[in-house]
Amino acid sequence: MEGPTSTGIPNRKLAMWTFIGSECMLFGTLIATYMIYRGRNLVPPYPHDLLNIPFITVTTFVLLMSSLMMVLALAAVQRNDLRATKLWLALTALFGLIFLGGQYYEFSHFVHEGLPLSRNLFSSTFFVLTGTHGAHVAGGVIWLGTLLVRAIDGKLDARHAETVEIAGLYWHFVDVVWIILFTLIYLLV
Amino acid sequence: MAMTDAHSTGIWSWLTTVDHKRIAIMYFVAGFAFLLIAGFEGQLIRLQLAAPARSLLDPDLYNQLFTMHGTTMVFFAGMPLVVAFFNFVVPLQIGARDVAFPRLNAFSFWVFLFGGLFLYASVPLRVMPDGGWFAYMPLTNPEYSPGPGIDFYVLSLLISGVGSIAGGLNFLVTILNMRAPGMTFMRMPLFTWMALIVSALILLAFPPFTVGLIFMLFDRRFGTHFFDAAAGADPVLWQHLFWVFGHPEVYILILPAFGIVSDVIPTFSRKILFGYPVVVFSGVLIAFLGFGVWVHHMFSVGLGPVVNAVFGGATMLIAIPTGIKIFNWIATMWGGRLRFRTAMLFAAGLVATFTIGGLSGVMHSSPPADLQQTDTYFVVAHFHYVLIGGTVFGLFCGFYYWFPKATGRMLHEGLGQAHFWLSFLALNMTFFPMHFSGLLGMPRRTYTYAEGLGLEVFNLISTIGAFIFTLSFVPPVWNLWRARRRGEPAGHNPWDASTLEWTMASPPPHYNFAEIPTVDRRDPLWHPYIEPESRGDGDEPGGAVPRRQPHEPPAPVVMPNPSHWPLVLAVGMLLMTIGGLGSLGLTLFGLLVTAVGLFAWAFEPPFGEEAR
């Protein structure tokens, strides 16, 4: 079945690009909602009361570095360097986890400071937008973790480079989305 | 597992099938059942409105019925019937042995089915959603719709939306990537072209709706304020999110019908499609413009004259590519050797009735005119003309056209013609009078009307028409039943059509093509330079596609394995959906089942060696 394709792009890779296109509409809608409602919050606390830019800058940097680790993991698996593949995959997943940990800390801190999900318009838009992104990161970490386990079992080598590449496409996309969110939510506060 | 190969017919083989032809049949049966149910709901509405001040339905039940009627028709009848045709026809037309992701295809079907069944679980519980198929906020917020009815709406559309997006992704990749050698874009049959465009529409239009549904779910379940004016939000956001999906959705339903008639009219006119590239690009243009016209559903919101004027103008622009298509169909028929078999009757019927619906559409693309027509029966008349006269007629056209291919049996022509004329009469009788009752000011979604407003005659005619509509389903159902036993064998190409699906036996073998053909022209079976008699033997000059596939594949064909994991995954998502009604435990359990299904799916070998 998996013969040469009409476009020359493997089916799974084309599917991932297509999926990313669809995801752009998903995040686009969420971001548009956040931006439309920006500054319309009527009930405290307000974004500038809570958003901790230095802290999120650090976790943002960690997430961006995970994209670099992902690139290195793909390069390693392509040249069939399995030791390096395991290392870079593990670091990618670990950096993703650190980002998620930061998000967990941020969310619980906000709730502690009097901003539960149902508090106001800011809490609604903020938690659902960044939470959707966090869920995507979590899904990516599970995916990377699965690839890592496969690699440790010796079932991942250069023949599976395409699988790693597709996971990488997803991971980079999720990172790019975060750059937009970081700019619009935090830097423009 | 190994026992359930593609040849067996037990129930397990249907639950685990990944064969696009079987999935097509399941989509068709389920979609047709939902069509009958939703038609029955429409019939009840017409009975209530047959005369002024009737009390067959109380206002509350009436609201539930029109909501269920609209929601079912769009999401659980129209879309699955469209996707049934995608499934059956697209791989055959492009020369592929299946879709790009067969298990994902099965998954799409199961979540659609579970979404529909979940929605209908609200019927025995007597808590059907009652906010209209568009579920406008703030009417649907927890304060004004406290019961679980709207939750059934939100959750069923969330789960079936996942299936729609997966299906769009699957068919986009299939058409881009799985075409036979030589099947360039400008050689693709029109139905495949429209399936490609619609797949892109699904992928881009469903996410905003999904996000809107998630907002609504969160507002209802977790007390967020996305549509809460008191918190500074704007309930009109819901209308934007709904219609930025809802308008492309209209084209998701109509473009496949356009594709079907664009294949059928040439076949029964004995002429190639007039202006093929223009018809293709008109379809692309309709889809593109379709994303820029959603505000015409919201003219009466009061977004301002500039906004309304821009969206009104964009809406009028859509009439141009649509009109081009209609003229191309007429020009294809012009001077052709017409054969008015049932499929062709429905195609010609579509050209006529869709044009009527299109004309009233142009009328309310003008905001001042629309302000008079909004929420009246004039609009009801308009969209039933385009959805029945367009989509449903197109689907019936495709049904009569491809039924012989799918089953190997011919349908009875007389019963088919009776079906066409009955439904053609019923459509016009039911919905033409609504133009008048609407212009007289009869409001939609109101359970009754007063005597003496001049509405009685029009409503009575509409109701009689609706009865004839119900009656019009007798001939096709009888026809189906009859074809099982007494339908004549169809042969490879009963209509002498021009596209690849007519090269193999009917019904097609599970591997479709014994040999993947090489295509060197549009309408490959109508090579104009070869005499018809010499076309059968497979050794034509110029590499033309043989008229018949060989009986046996020359080498063993590797086909996808059946799998039960798509079903498990869908069950997991159904459990999560049910849990969404208020049980966190069930949601988490569903998540667990989903995760198990996902991992098992990922590590299951997708392909197996299949002997001939």
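How many helices and strands are there in chain A?

## Chain A at a glance

Chain A has six helices and zero strands (helices are DSSP runs of H or I with at least four residues, strands are runs of E with at least two, and both are numbered from the N terminus). Keep in mind that this is a predicted model: local features need pLDDT of at least 70, side-chain atom pairs count only at pLDDT 80 or more, and totals for chains, interfaces and linings use all residues. As for labels, residues are numbered from 1 along each chain as its sequence is written, while chains are lettered from A and ligands numbered from 1 in the order in which they are written.

The C-alpha atoms of chain A fill a box of roughly 55 × 35 × 25 Å along the principal axes. Of its 189 residues, 37% count as buried (20 or more other C-beta atoms lie within 10 Å of the residue's own, with 12 or fewer for exposed, partly exposed in between, and C-beta atoms placed from the backbone).

## Where the chains touch

On to the meeting of the two chains: 31 residues of chain B are in contact with 29 residues of chain A (contact puts two C-beta atoms, placed from the backbone, within 7 Å). On the chain B side, the largest share, seven residues, comes from α6(B).

## The big core

The largest nonpolar core has 218 residues (such a core is a set of buried Ala, Val, Leu, Ile, Met, Phe, Trp, Tyr and Cys residues joined through C-beta atoms within 7 Å). Helix α6 of chain B, residues 190-221, gives the most to this core, with 21 residues. B:Leu201 is among the residues with the most contacts inside the core. Leaving aside neighbours within four places in sequence, B:Leu201 touches B:Pro248, B:Tyr251, B:Ile252 and B:Ala287.

## Two helices of chain B

Helix α8 of chain B (residues 276-289) has 14 residues and reaches 20 Å from its first C-alpha to its last, close to the 20 Å expected (1.5 Å times one less than the number of residues). Its buried residues include B:Tyr276, B:Val279 and B:Ala287. The buried residues cover an arc of only 160° around the axis, so they sit on the same side of α8(B) (the arc is that of the directions from the helix axis to the C-beta atoms). They pack against α6, α7 and α9 of chain B.

Then there's α4(B), which is mostly covered, with 17 of its 19 residues buried.
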